[in-house]
Each structure stands twice: as structure tokens, then as C-alpha cells.
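Here is a short tour of one protein chain, with a few places worth opening in your viewer. Have the structure ready and follow along.

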Amino acid sequence: MADQEIPEDYLTGYAQILADVATTGRRLTRDEITARRALGEQAAEAGLSLRTLVSSHLAATRAAWPSAPTSVDSALAAMHQAIDAFCEGYERAQRLAVRQEEAARREFIDDLLYGRSDLGRLAERAERFGLRLSHAHAVAVAQGPATYDEGDPVPRRVEQSLIARFGDRSTLLTTKDGRMLCIAPGDQDEVLLHFAKQAHAATGGGRVAIGRAQPGPGGVVQSYEEALNTLDLADRMELEDPVLRAGDLLVYPVLTRDRQAMADLVNSALGPLTTARGGPEPLLDTLTAYFDSGCVAAEAARRLSLSVRALTYRLERIHTLTGANPAAPDHRYMLQTAVIGARLLDWPATAL
């Protein structure tokens, strides 16, 4: 770029300004400064190198340098004013171009993740950002204790790690609603796993959900929605894993697909617990710990900070109230499914 040929148009009037200043000692007029800024903007829009443009101005200065020693200071001042105005215009045009690019990127991401816009047109726009929507894609969503925008240090650090590890692999890292997103081709699971690892560390222990790879232009929004639903499910089910895959948790959407049927099961199987002294929550927590520990009474008691005897008493109380024995294999599945349903439906805090 240092040897790039700069059209004379971007130096228009510059030599004359130096000659006038050398003769009169005046400073640049407002119109001259405005003209230099405009030329700088035009040069930036043309994609010319700023270093080469400044070099051309310096070369023109040498060619028009005044012979009288008394004019040197005025010529230097004029050169400083002219080049400063030119660079100001150049930088202003660059900032505008960056803002326009950011706006176009944000508009594309919004259309992509909300499933808006014509799919054909969306696929064309996607290629500008390195995505080929004719292929399958998967989306990982990272949620931390704070909200994140694209220019924040945390997303930049994660993106730099991805680029350093994988280079350009047709991936897109962005933010949406305060969360970090990584969109990657469906056959590049290692990219999403690396993103998950880096995002978990960069957010200080945040959680990451990975949607399943989905084909076609609408596949990105489907995978994105799966990842969001997985994060919501993890909160409701109090899942502790830092990285969750939507494909590993498909049983939960199946259980809640018929919400009314699940609500009926919860009411029927666990409703009698509401008559217990102290409400249903302690007994529901007992069932949750019991099932989560693989129906091992000693482990469940440890999790609840109870003695095994106290836990056994609670299980017997549940049997008495509901008629279902948590320790009996023929009752266990019904009760465990009802407990999962209660957590999914936020019962008993939310009436069914």
C-alpha cells in the first residue's frame, strides 16, 4: 500500500495553499479546511491507505517548499493544518463506515435469530458475514452473571480465543439480549465446545447451552431457540452442568408437550402433599433429593442434611399421604415423573 498511486484529485489545491501561505504568512481559511476534510472523506470511501495519502502530502510539500527561509514556519503550520483536516475527514468517514457496518450486522443478526426477512435474501446477506445458510448450523448460547454487548472485553476475549484456535471456519460470534452466541456449521462441534469452555471461564462460571444442528436458512433460529429453552430448563430443573446440550435433554420437552396431562399427573400424584404440616415443599424436596441420588437413602439424607432415620420417616409420610411408595419400583416411575413435572411447572409456587 505504501507504493499505491494516489490520484491527484486528493491533492487538489494543496500546492496553491502552500504557495499563498509562503507569500502572505496567513493561516488556512475555514473553506480550505472544510475542503481538505471533504477530500479526506472521499479518500476513505475510495479505500485508499491513510499512510500513503499522508506520504503523498509530504511529497507535495517538498515539491512546493518555499525558497525564502522566513516562510518556512508558515509553510509548516499550513502543512499541519491541511494534513490534520484531511486526516480528520478520513477518520470521520471510517467511523461512519464502521457504524453502518455494525448496524447492518445487527440488523442481519436480528433477522436471522427472529426468522424474519425473505429466506433467499437472508441467505445472500449471510455470506457477507461468513455463513452459508444452505448448510446445517448449530448455535451455542452463553449466559453469565452480567449482560454483554459485542464491544465488551468478555466477548472480545472469547472471540480472540476462537480465532487463534480455529481461524476462519465460517463461524459468527455475536451477542443478543445480553448473552453471547456462537453460530457454527453443524459438523464443527469442536468449535462450539471450545466456545463453551472459553465463555464459561470468561464469564466467571456462566452456563452454556448448545442447540442441535438444524439444516437450511431457518436452521439457525431453530437451534438458537433450542439453546434458549435449554437455559430456561436448566434454571427450572436446577441442573448444575456448566455446558448443556439440547439433544441430551429432549425428555423434558416431551414430558411437557401435553401440559394439561402433566398438570393432572402432578395434582393426582403430589397434590395430597399439600395437606402435610408445613406444606408440600419439604416432602417434595425429599423426593427430589431421593430420586437425584439414585434412590440411595444415605446419599439423599446427606444432601438434605438429615439423618437416615429422618429421611425414612419422610418417605413413609409421603407413602401415607399419596398412597405411592417411593421405594417400590412400580410406584417410583410415576412419582419421579410427577416430581420432574412439578419442577417444570413450578409447582406448588404456581397453581396448576
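## A buried threonine

Let's begin in helix α11, where you will find T286. Keep in mind that this is a predicted model. T286 has 0% relative accessibility, and because buried means under 20%, T286 counts as buried. Setting aside residues up to four places away in sequence, its contacts are L304, L311, R314, L315 and I318.

## Two nonpolar cores

The largest nonpolar core holds 36 residues, and those touching the most other members are M237, Y252, L270, L273 and L287. Several helices each supply at least two residues of this core: α8 (219-237), α9 (251-256), α10 (259-270), α11 (281-292), α12 (297-304), α13 (308-322) and α14 (329-344).

Y252 is a good residue to click on here. Beyond its neighbours within four places in sequence, Y252 is in contact with L233, M237, I340 and L344. Another core lies apart from this one; it has 20 residues, including A138, V154, C182 and I210.

## Helix α7 and its surroundings

Helix α7 runs over residues 189-202, 14 residues in total. At 1.5 Å a residue it should span 20 Å, and its end C-alpha atoms are 20 Å apart, so the two values agree.

Which residues of α7 are buried? They are V191, L192, H194, F195, A196, A199 and A202. Among the elements covering these buried residues are the strands β1 (137-143), β2 (172-176), β3 (179-185), β4 (207-210) and β5 (243-245), together with helix α6 (153-166). Just after α7 comes G204, with a positive phi of about 75 degrees.

Methods
Residues numbered from 1 in each chain as written. Predicted model: local features only at pLDDT ≥ 70, side-chain atom pairs only at ≥ 80, totals over all residues. Heavy atoms only, no water. Core = buried A, V, L, I, M, F, W, Y, C linked by side-chain atoms within 4.5 Å. Buried < 20%, exposed > 50% of the residue type's maximum accessible area, 1.4 Å probe, protein only. Helix = DSSP H or I, 4+ residues; strand = E, 2+ residues; numbered from the N terminus. Contact = heavy atoms within 4.5 Å. Expected span 1.5 Å × (residues − 1).
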